Each structure stands twice: as C-alpha cells, then as structure tokens.
Amino acid sequence: MNTARYIERRIASGLLLLLAVSLLSFSLSALAPGSFLDEMKLNPQISPETFTALRAQYGLDQPIALRYAHWLRAALHGDLGFSFAYNAPVSSLIWNRCSNTLLLTGTATFLVWLLAVPLGILSAAKGGWLDRICSFGSSLLLSVPEIVIALALLAFVVRSGRLPIGGMASLNAEDFSLTQRIRDTVLHLVVPAAALVLAALPIVLRHTRTAMAEVLQAPFIKAATGHGIFRARLLLRHALPAAASPLISLFGFSIAGLLSASLLIEVITGWPGLGPLFLESIFARDFQVVIAVVMVSSALLVVGNLMSDLLLYAVDPRIRLE
Amino acid sequence: MKRLYFGIVLFVGLHCAILFPGLLAPYGPAEQNREYTFAPPTRVHWFDAGGRFHLRPFVYAIVPTGDEGYSESTSARYPVRFFVSVAVPNSGQRKLRFFGVDAPGRIFILGSDAYGRDLFSRVLYGGRISVAAALLATFLALLIGTLLGAAAGLRGGLTDSAIMRLSELGMALSWFYLLLAVRAFLPLRIAPLETFFLLAGVIGVTGWARPARLIRGLALSAKERGFVMSARGFGASEFYIFRRHILPQLKPLIFTQAVILIPQFIMAEVTLSFLGLGASEPVASWGNLLADLQQYRILVAYWWMVAPVFAVVLVSSTYFFMANIFERRVQSVAI
Amino acid sequence: MPYSVIFTNSIFTTETRGQLLISKSGNFETYKRVLKRFSITRLRNFPITKCLLCLRVSVVNWILFCVALPVVAASAAQPLQKGEDIQVEPGLTGNYGGTLVVGQRSEPKTLNPVLAADAPSREVIGRINADLIHINRYTQKTEPALASSWKMSSDGRTFTLKLRRGLRFSDGQPFDADDVVFTFQVYLDEKVHSTQRDLLVIGGRPMTVTKVDAHTVRFELPQPYAAAERIFDSLAILPRHLLQSAYEQGKFAEVWNLNTPPSQIAGLGPFRVKQYVAGQRIVLERNPYYWKADSNKQRLPYLDEMAFIFAGNEDAQVMRFEARETDIINRFGPDNYSVLAKEQQDRDYQIQDLGPSLEFNFLVFNLNDVPADKFPDLVREQAWFRDLKFRQAVSAAIDRQAIVRLAYRGHGAALWGNESPADKLWVDQSLPHPERSLDHARELLKSAGFSWNSDGKLIDNQQKPVEFSIITGSSNAPRVKMATLIADDLSQLGITVHVVPLEFRAVVDRVFQSNNYEACIIGLGGADADPNPQMNVWLSNGGTHIWNLHEIHPATAWEAEVDGLMNQQMVTVNYKQRRRIYDRVQQLLAENLPVIFLATPDVLVGAKNNVGNFRPAVLDPYALWNADELYLRRQALASAR
C-alpha cells in the first residue's frame, strides 16, 4: 500500500474516532452527576422557578440524544458550541488559549527530547555514576506529583525573587518593544516549562536508556566496534535507530499531549492556556467547552499517532504499512 | 552476589514493613493528637540536657510555642522502649508495638500531620493499600497492554487498526466524567478491601492504552527479524513465536513501563480520592499523603511532609533494582 | 496632580516616554492633552531613531516607565461641575495615581451585571457599576448612593427615591430616572432570567417601578417589606442608551460579555473597563465622571487603574501576593495565614484577620421522605436522625473548638446557631454555647433507647450498630477536616462514621436531587447581614430547606412556628420588634437542631503597606468595597517597583 493511501485511510478512521469520542463524551456527561446550574441551588436567594426556567434556557432539560444531534449538526458546520458560563461561543474561548498552551508545551516537549535522548544514550553507553544519578533522579522525579514539582519551583522563585511568579506576560507588556516582549515571555515561561520538563523527562530518559542498553549488547554493535567505527557514530548512526521504536511511540504521545499535558501545571502557574478553562469547565459541568477541548486534543492524538506510525515505517523499512 | 543479597534483604524488609505496618508503627494511622498538629520530627537523644549519656535513647516532651511551632521541654524525659504493649484508643484492646514512648510523651520520627497523626505510622499503613493496588494495577495494565499490543503488532491488518483505534479512544475520552458516573452508581460506603480492588481495577483498566501502543511498535519490528521469520517458516504456532521469540524482546520495555507506571499509579490515587473513589480519610494511603503535599503552605512550612515521596522512590527503586539484578543473572546464565 | 508624579523625573526619561506613548498605546488624545498642559511640544519632533536608542538607556528607566505609563494614559478625573449632585466623603483624603493590582482566583465569566453569578465576575462588575442605595460594608447599614434620599410611605408599600442630579455614565452620557426604570424592567423580566429577580419578588408578586419625574422614581411593593432599602444594594443601574436596543431584540443575555469592546460598556461605578486579555487580566481605568469626591473636593477614585489578574487557584494567588506582584489579596484560606504572616515584615505588606464571616457550615442529616424500597438502609437510619436526642447527642459530642483550631488554624469561630457573630445587628447573643460533653451525649443517647455492645459500639433498640457516612466536597479542605474530626469525636461515643469526600457537584446532586446520602457537611454563605436572605433556608417550603426539601406542609410543629416567625419578620419594619422575632427563630433552630451548626471561617485579607484607606470589611467584597477610596501612597508611586 502506498503512503498517501495509507494516510488517507488513517485520516478517515481518525474522523470516525472523533465521532465516537464525541458520542461517548456526550453520554458520559449525561451520566455524571450534577449540572451547570447546581451552584445556584446553594444560593437561598434563587427560587426553584428561576432555576427551572434557566434549565430550559440552556437546553439542559432536553433529552441527551436531542442535545447530541444539535451539537453534531453545529459541529459539522464548524461551530464548537456555546459556553454556559461565559455566555459566549466556545470557539471564541479556546483558540487563543490553545496557542498559549502550544507555546508552553511545544517549548517543554522540545527541551525534554533535547535533554532526555542524549542523557539516556550516555547513561546506557557510559554506565557508572552518570547512570546511577540518572536512574535515581528519574525515579525521584517520577514519584513526585507534577503539581508538587511546579509548586516547589514557584516557592523557590517567590523566595529568590528573580522570576515572575505566574501568568504569561507582565501587566504592561503591550507597551514593550518586541525584544522586551520576547524576554518577558521567556521569563514567564521558565517555571511552567521547567515543571513540565521535569515531569516528562524521566519517562523518555528511562525508555531511551533501556532501549539503548538492549541494543548495545546486540552482536552487530560488537561487530561494528570490532571494525573500529567511532563510538559517537556507532551510537547515533547504528544503535539509536535500532532502539528507536519505543521512542517513536513516545514521540507520538508527546505530539498527542501538546494540548493536554500541561493542564494542571497551567493552573498552578497561572499560564493562560487551556488548563484553567478546561478544569474549571469540567467542575462547572460546562459541557460544551469540555467536549470542544476533548475533540481538539483527540484530533491531535490522531495526528500524533499517525506521525509515529509513519516514523516507525521510515526508520525500519521492514515494517509494512497495512 | 553481594548486590543480590542486598536487593533481597531490601525487598523483603520493605514488603514486611508495608504488609505488616502494625509491627513497626508506634501509633495507629488514625490516632489524632489534636494538641500536636504539624509537629516536626521528634529528636531522639542519647545525651541529656546536662550532657549525660544514656544507653537507652530518649525523647523530650514537645510543647507548642504558640506561633504554630514547637520546642523541646527538657523537664520530662521519655525513654524509647521496644516491644511495648499499648492501648488502642476507643476499643479497650491492647496491641504490641515495636517501639514507642510512654504517654504523655510522643515520638513522631517523621513528624505529625494536620491532625497530629504520626506521619511515620501513616506512611507504613498507607503503603499496604497503595503499593498493593499500584502493583496489581500495573500488572493488569501491562498484561492487557502486552497482549493487545503484541496482538496488534503481530497480526497487523484489521486487528491492528481495531486495537489501536480502541486504545486511542481510551486515551481521548474524558475519564473524569466516567469516574464521576461510576462513583454515583456505587454505594456511599465502600469497605477498605473493596476500595483496594476498585482502585486497582479502575487504574489498571484505564491505563493499558499507552503500554499497548509502545509494545505494538516494538512488536512490529520484532516480527520482521530473521529468526522470527524462520521460526514461522518452520511452522511454529503464533503463540509459540510470541512466547519464545517476541516476549523476550519486549521484556526490557515492559520492565521500564512497570517502573514508570508504579509511581504514576500511586499518584493516580490522588485524583481518585478527590472523586471519592480512593481511600478516604482517616484511612492512610500514599495517594492521600501525596495529596497533602500539593498545598503551597505544607510544602514551604512543613518540610517533613515530603516523606511519602521518598517512600514511593524507595519502593519503585527497589523494584527497578531487583529487575536489573535478575536480568543480569539471567543473561550471565544464558551466556 | 496626577501628572506631577512622572514629571518629577528627568526631562529625558519623560521625553522617551512621550514618544513611546504615540507609537505604542495610540492614545493620542491623552498624549496631546498632557503635552499642552506642560508645553513640551518639542517632543513631537523627536526622531524615532533616537527614541529607540533611548530605549536601551537603562532597565531602570523602563521600570519607571512601566509605573508611570498608566498615569499618563488613564483618563483624568473631570473637574466638578455646577449642578452636579456629588457626594462628598467627609474626612477622606488621598492622592491620585497608580495602578492597583488585585489577584483573582479564577477568571470572571461575564461583565453583565444582571446575569453574573460567579464571585470573580461580581468582584469586577461591582467596581464598574453603582446601586441606588448602598450597604456600607463597614457599618453594615444603608447609605445614599445614586439615590440621595428615600422615603417609605406610612403603609410600608410605597417607596420613593430621589436620584442625584447631573450625573453621567462613564461614557459621558447623562443619567436619569429613565435609566432606573429601564434597569428594573430588565431585572424583573422573566425572560432575562436574572438571578437577582427573586429578590424583587415579594410574597410571590414583583414590585413595580414608575418614574415620577426625571429625578424621582417610585417603587410599589406588593406588601410591606422590612429592610426594603437593602434590596437595592448591588443592583447595578444600567445605561438605557447602550442596552435598550439589545434588550428589545431579546438579546440581553449576549450583551457585555468579555469580548465586548470597552467603549460599549458604561456604568456609574468608580471605574470603567479598559482592556481584557483572555485568561490573563482585566484592567479598569478611572471613570472620570464618578459621583463621589473627597474632603478636598477632589473627584474620586484616586486610582488611575485597577488591574485584576487571574492567578488560577488560591495557592497561586497567595504566592503572587507574597512576591509583591499584587497589591491586595481579597480573602484567602486560613491555611495560608501563617505562611503570609511569617513574611509580613520583610516584604512590607500586612495581612488582617477581620473576624468571622457570614458563612455558616453545618452537619445536616438527611431527613427527606425517601422511598423505603429504594433506600432501605437510609430509611432505617432516619429513625435515629429524626430523634432530636440523637442529634443533640451528636452536637454535644462534637469538639467545635478543635474544628476552629485544626480546620481553620484558629481563624474562625465556633457556631451554635445560624447567625455568625459577623452579623452584628442580628446575632442572638443569648444563645447558649454548651461545652463539649461526652457524658451528656451518652446520657442523651441512653435516654433515647441506645445502648453499647461488648465492643463499645453504639447500638440502637434493634441491636443494629449505629454507623453512617458523611459526604462533603473534596475541594473544600476545611470541610473534609471537619468531617474527619467529627468521625473521631463520634467514635468516642461508639459511633462509626465514614468520611466520603466527593466532587462538589456530586455532593450538591446528592443533597438536592437524588437525596442519596446519610449526612453531609456543607456551608451556606450569607449574602447580607440581614435575616431576609435566609428566608428560603428556614421556610419549610423554601428551596434551600436543606434537611427536608419539598415539604408542602411543615413537617413538625416548630417548623410551622419558624414559618410564621420568618414571614412575620419579613413584614415587620421596626428593628427592635423584628429583632425579637428573629431571636426566637434562632432559639428554635438551636433547640431543634435541624442541622448541627459547626463553625464559620474568618475573613482574611492582605494589602501592601503602601495602599492607603485600606479598610476591609467582613461583608463581600471584603477589601474592595471602598475601591473608590483606595490610593497608592505617593512615595510608593515615585519609587520604582
């Protein structure tokens, strides 16, 4: 099967997947207890009649199948729905937040791979102290919830006073020149990106190390060493591609997680991405926002997995596309 | 050889401590000392205030200083006793403890929490449910993940697409609402044993998708290797090929996944507790203890509350260590 | 003089700033006005290239610029006009200038005052709008706002308000009685679904509004209503000229959301919207036409701008305040008090414990009539819950002081009744505050037919062990702590209590919808220091009659008595009489314990030391109620941040 047709088929199945995700998400949202208006029940000044009227206004009294049909029809026309909480179309809420999130996760993902792969290779090839430090460091980082990592970094920054504490820009950033704006954004990016890197680094590091260690014992590496091939060339040109399979799948996850990996860290560090909006919408049962975000990140998941499959194929030509 | 013995001792010791927390813990996990909230770790002395040496270590009484801190009062000295029998509050029973000090003295070797409960005891008691549930969940997730992932990689075609689309569905869905719905259908009170299976089941069943994809990727290239092709040529059954030729190639990946998943699953309990699906107060679990740590003021003001992190590190490192040793032994035997 | 602050620095830096103003902010009009005033017209010819060189002069200049920029860019307070009915605040002084930064836990959802329901939105909306009659948060008494005076007719049903003359909305358009009539038309419209409509409906019938003349309006109440003037607090008066067409097209729900251009939003409050950046901040600037002035006849507000930045959660809010990125922290949790207190001296801010809030937290048993086939266990347990002696025993066994000490870290007050001590005018001081007594609890249980088995467990008269669960919202740490403490307290009586923290909306769903719970710890926040907001809680057919919803007739004799008393206090205008009636309600509630009152958290706020006129109050919006009077002390403005 040629690559183009394969991609076509994958995209078609990806669309089916999105349909299934939306259907299931709708059903789950109906099953989950509570509704957007519940908060009002605790306000003694709002009468049950007002409550019922509002339910009708938001269409929450309609059966779930009907609500899904409405939503689907709108979605096919490119309308992602309406937020109850903001009284505004969902699309007006999520797009610029998406780009903020991508800035953060893109930077972090880049750094993770930049750091983790060389460290993993070195720790597999050299062993010794570096290996032990990597091993202990990664199991320590894996055992700390990412929120705690972010909080610890922030607590440190509060005490050192060198970096801004949260958000993405200074209050008066509009009045800055371009270079100052970039500097300002980078300064704000340090803490959330560092937290994300520390949380994701050990996973890639561990996988790289294991896969490389396995490959380095293979006969062909011993043969290559015997032929006097340079160590660096040996590691990067011969060993790494042979060890790449799990890394490629992980890379697919990295792409898939570009919109979802940083949700909690964004809340803690006040990064104006999807995180605060998404989590608040989940708790507030602002379903259309939740489903829109789920759909967008599902689309990214499809893309990420497709990319990893194509990469797998590119690295190992023995694999056939089916 | 020395490494092996060290590993085994560590492994067995750790599991005994976690499985039988009552042996080592000086207090019950839910025993509150409301006048000693957030007390720092109690210092164990050998020399008293006058500089005199005591063979039997002892602790001083701790007194609140008013500004949420504590100081030692040298007026009362409580020697640490071993194998003491202490009364269990509100039950009239007595229990044997490995060590302790006489009341009204207190010994909090890892400090105390917001209710004045001994953190050391809570870490020990919390380990039982957390480690066991995380292990079982990891096993479940990896079992499902390996079987499905390998099946997808080896069979290819429709099986592959079906399994991979299913895993994508699993990764894309908002589990939060599903779990909320699950909680709504369960009875209000969930017994500790049910909690345990619930935790393991929920985490394991929701956690298989990523391992499955990783394993499938590896299986895809593994099945194209010469010896696998030749085994197939000799008419070996598919299951035989999987067991004898593919699985050994997957093993390092599976071990690595296990080491990553165990701490992740322990932490997943934090979310589940939030939804009322995990162990709830006053039951101790590492997930609950880690959840406490997610508050700014606890992190900056009460440093001893990070102890559960090191418990998790210790456990997952031990597993990693043991896995390494066994692998090396197997290899050296084979060669 | 608002401008003096920046121009005290060297001319050079001033020029740099001037150039930048043109190129960046585009607020050319303001700029020209500034220039004219100081005749620094040569700035216009200053070459851009040189300006860019100046940019690099020093970081210090930049920081100065950052501080000073808003001072220039903000709209200047208009001089007082003749015929303008300004309210002069005696004894109030301060200086102009600066931006006050406030950290908010989450982002406001809307700027529409009629529909806003969440706290962050109301916090912002309250600063850009004004009401007819205002409750002074400090004295808890009403005071004139847009209405300069009011009169109630002798039958208590006609309420006449005189409006201030010569006032303008923040866009410069005049304000008169038509705006008031329009506003109440919107609030009362059933199709608009304002959450505040129910306040204006008295005894099932809405009040009516008529314009008497351009500056007089009359409200007809369907029946006499105590504290009628308190209803008007926080009901924002809307500009008819901006909203009428949207309202008539039935599109009122869509107006004034966060994406509305600031020029289309106007109010009568001290500030007006300048800018909204999604997910980051909302910046307000001075309303140049605001109708209050200080003792020197200077028009308020003092501040040029107020910026609300969205922190994400409370910990982030606390850290930003601690790092001095925000000037005010408006209410934070008791857990963070000690962290902030420790740094007070070094970081030049102060935090204050204002004492108990109006919120009351309680333990409620499920006394709803539930179907026995669906909830067999619950129905059996309700035999205990319905027994007053059982509830009294539980109440006696609870260590409320420990709750205050552990759940609120000492920053709260124990409660034995529904009114918190914060409600100065209404709390019944004579209610007994019994100490915790396990012996008394045991006696009560014994006399109610309970006994103890050989394991020390409490059993009822059918030998069944007494065991129940308490649900509570897992995101509210103090309530989870209360439940855990109560479980330990009751275990000393041999009662087994399971603590079940659930996600908040799952709790609300169980309490209000499915009735599938045994006991719950929850809190209700008082909206105002007055008995009326609690009507729906204590009336037996009220929507928030939490322990037994949907009662058609009062289930017990005392509930019938409370119904009568609550309805009576609502129409009693005399404070002393009303107070006597309401004291009796509080006694009935404390005696019959439909819910077991536990504790109320203190209101904790903080501000940098350079914030002047900082006078926080225990009523919402706590530190921001006098935002028009807050100012940044001059030396703080002059020095770089």
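Start with C:Glu518 and B:Arg189, whose side chains meet in a salt bridge at 2.7 Å, N to O. Keep in mind that this is a predicted model. The pair belongs to the contact between chain C and chain B, where the count of salt bridges is 6. Polar contacts add to the picture there, with 13 residue pairs, both partners at pLDDT 80 or more.

Which parts of chain C do the touching? Helices H9 (314-322), H10 (337-347), H13 (400-407), H15 (477-491) and H16 (504-514), along with strands E21 (467-473) and E22 (496-502), each bring at least two residues to the side of chain C that touches chain B. H15(C) gives the most, with 7 residues. Sort that side of chain C by class and you get 15 nonpolar, 10 polar and 15 charged residues.

Now step back to the whole C–B interface. Here 40 residues of chain C are in contact with 32 residues of chain B. Together the two chains bury about 2900 Å², and carbon and sulfur atoms give 52% of that. If you want to click on a few residues, try C:Arg409, C:Thr484 and C:Glu503: they supply 19% of the area that chain C buries against chain B, more than any other three residues.

Next, swing round to where chain B meets chain A. This contact takes 56 residues from chain A and 52 residues from chain B. The buried area is about 5000 Å², with 68% of it from carbon and sulfur atoms. On the chain A side, A:Leu28, A:Ser143 and A:Phe253 lose the most area to chain B, together 12% of what that side buries.

The charged links between chain A and chain B come to 3 salt bridges. You can find one between the side chains of B:Arg216 and A:Asp309, again 2.7 Å from N to O. Across this interface there are also 12 residue pairs in polar contact, both residues at pLDDT 80 or more.

As for what chain A puts forward, the elements giving two or more residues to the side that touches chain B are helices H1 (3-31), H6 (128-142), H7 (146-160), H8 (178-216), H11 (244-256), H13 (274-284) and H14 (287-315). H1(A) gives the most to that side, with 10 residues. By class, the side of chain A that touches chain B has 31 nonpolar, 15 polar and 10 charged residues.

Conventions: Residues are numbered from 1 along each chain as its sequence is written. Chains are lettered from A and ligands numbered from 1 in the order in which they are written. This is a predicted model: local features need pLDDT of at least 70, side-chain atom pairs count only at pLDDT 80 or more; totals for chains, interfaces and linings use all residues. Side-chain values use heavy atoms; hydrogens and water are left out. Contact means heavy atoms within 4.5 Å. Buried area is the accessible area (1.4 Å probe) that two parts lose on being put together, summed over both. A salt bridge is a side-chain nitrogen of Lys or Arg within 4 Å of a carboxyl oxygen of Asp or Glu. A polar contact is a pair of N or O atoms within 3.5 Å; within protein, one must be able to donate a hydrogen and the other to accept it, and residues adjacent in sequence count only if both atoms are side-chain atoms. Helices (H or I, at least four residues) and strands (E, at least two) are DSSP runs, numbered from the N terminus. Ala, Val, Leu, Ile, Met, Phe, Trp, Tyr, Cys and Pro count as nonpolar, Asp, Glu, Lys and Arg as charged, and the others, Gly among them, as polar.
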